[in-house]
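Student: I should like to learn how to read the features of a protein model. May we work through one together?

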Amino acid sequence: MEKDRHFNYFWVRCAKLICVTLFAVHCAACFYYLIADRYPDPKETWIGNTMPDFHSKGLWIRYVTSVYWSITTLTTVGYGDYHAENIREMIFNIFYMFFNLGLTAYLIGNMTNLVVHGTSRTRKYRDTIQAATSFALRNQLPPRLQDQMISHLSLKFRTDSEGLQQQETLDALPKAIRSSISQYLFLNLVQNIYLFQGVSNDLIFQLVSEMKAEYFPPREDVILQNEAPTDFYILVSGSVVVGVAKSGEVIGEIGVLCYRPQLFTVRTRSLCQLLRMNRTAFLSIVQSNVGDGTIIMNNLIQP
């Protein structure tokens, strides 16, 4: 059940720990009662000392009494009302308490891991923010650049905690599955880009498989003016300031295709999802499809 995605891991793990504890308590109670039941003189046993006629008592009373002793010993409370009266019981108690040390450590360790796991991501986020803030102050970065750093780190934490780490999920999969998912999500969008009008489907498939999906928070610079043309972007959702670019538009393609510094700064206006295409990978794919490369350049220079 721990490995079954249909069940919540936290509650399954808690149920397992409870069952382990109850099983240990039950077995110890049964063995301890068995020692008393088989002892020659019932009055010289842990239960016979306070309940001389325990054989005549009901099964439920004897079981509850045994479990009571087992739990108080397991939790190291040990009220003292039931204690070893002979050598057999003393030896059993010694081994049971040694076992309890290991069981208690196991239970506390597992519960600690379950609780800490839920807060470790938040702690790591706070430490990262603190480190970024200290770095910005130490180097006297301008306030706007500090805000961009904090916004990007906050977005990364939010997307991770909300299960939006799309690219991380895709990277963990085989290339064939990754390509199929990318085509399902982005193929129609890329086909409608002006730059790729009239090119072959094979080229589109190859490009989509190489594109990386990324999220950017509001008011963050995606491309800087005069930056080296290493990537261009396709806007999937949100909006950016370039004029104003909207979903399905390309950003930075002139710099990449003409191999010149980026002509303008591109900044997000809202939370945006962008498809990033590396220049080297793009040109490699286009060079293997010469006819499509000509179409792309014609689309670029058309008004």
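Student: Which residues of H2 are buried?

Tutor: Please note at the outset that this is a predicted model. A residue is called buried when its relative accessible area is under 20%. In H2 the buried residues are Arg 62, Thr 65, Ser 66, Val 67, Trp 69, Ser 70, Thr 72, Thr 73 and Leu 74.

Student: How many residues does helix H2 have, and what distance does it reach from its first C-alpha to its last?

Tutor: One compares the span of a helix with the value expected at 1.5 Å a residue. Helix H2 covers residues 59-74, which is 16 residues, and its end-to-end C-alpha distance of 22 Å is close to the 22 Å expected. After H2 comes Thr 76, whose phi is positive, near 60°.

Student: Where does Pro 52 lie?

Tutor: Pro 52 belongs to the loop between helix H1 (9-38) and H2. With a relative accessibility of 48%, Pro 52 is classed as partly exposed. A position along the chain can also be compared with a position in space. Pro 52 and Leu 185 are 133 residues apart along the chain, and their C-alpha atoms are separated by 77 Å.

Student: How many aromatic pairs does a search of the whole structure find?

Tutor: The search finds 15 aromatic pairs. To read such a pair, one considers the distance between the ring centres and the angle between the planes. For Trp 46 and Tyr 82 the centres are 5.6 Å apart and the planes stand at 75°, so this pair is edge-to-face. Trp 46 is in the loop between H1 and H2, while Tyr 82 is in the loop between H2 and helix H3 (87-138), so the pair ties together parts 36 residues apart in sequence.

Student: Are Trp 46 and Tyr 82 buried or exposed?

Tutor: Trp 46 is buried, with a relative accessible area of 1%. Tyr 82, at 18% relative accessibility, also counts as buried. A further pair is that of Trp 69 and Phe 92, whose ring centres are 6.3 Å apart and whose planes are at 35°, so it is tilted. This pair links distant parts of the chain, with Trp 69 in helix H2 and Phe 92 in helix H3, 23 residues apart. Trp 69 has a relative accessible area of 2% and is buried.

Student: Which residues form one aromatic cluster?

Tutor: One aromatic cluster is formed by Tyr 32, Trp 46, Tyr 68, Trp 69, Tyr 82, Phe 92 and Tyr 96.

Student: Why does Cys 19 form no bond with the closest cysteine sulfur?

Tutor: A disulfide requires two cysteine sulfur atoms within 2.5 Å. The sulfur of Cys 19 has its closest cysteine sulfur in Cys 14, at 11 Å, which is too far for a bond. Cys 19 is exposed, with a relative accessible area of 51%. For Cys 27 the closest cysteine sulfur is that of Cys 30, 6.6 Å away, again too far for a bond. Cys 27 is partly exposed, at 22% relative accessibility. The structure holds zero disulfides.

Student: How many cavities of 30 Å³ or more are counted, and which residues line the second largest cavity?

Tutor: Rolling a probe the size of a water molecule over the atoms reveals where empty space is left. The count here is two cavities of 30 Å³ or more. The second largest cavity has a volume of about 30 Å³, and its lining consists of Gly 252, Glu 253, Ile 254, Gly 255, Gln 262, Leu 263 and Phe 264. These lining residues divide into three nonpolar, three polar and one charged.

How values were computed. Residues numbered from 1 in each chain as written. Predicted model: local features only at pLDDT ≥ 70, side-chain atom pairs only at ≥ 80, totals over all residues. Heavy atoms only, no water. Helix = DSSP H or I, 4+ residues; strand = E, 2+ residues; numbered from the N terminus. Expected span 1.5 Å × (residues − 1). Buried < 20%, exposed > 50% of the residue type's maximum accessible area, 1.4 Å probe, protein only. 1 Å grid on protein atoms, 1.4 Å probe; cavity = no way out; pocket = protein on both sides within 12 Å on 5 of 7 lines; lining within 4 Å. Points joined across faces, edges and corners; volume = space filled by probe spheres on them. Nonpolar A, V, L, I, M, F, W, Y, C, P; charged D, E, K, R; others polar. Phe/Tyr/Trp six-rings, centres within 6.5 Å; stacked < 30°, edge-to-face > 60°.
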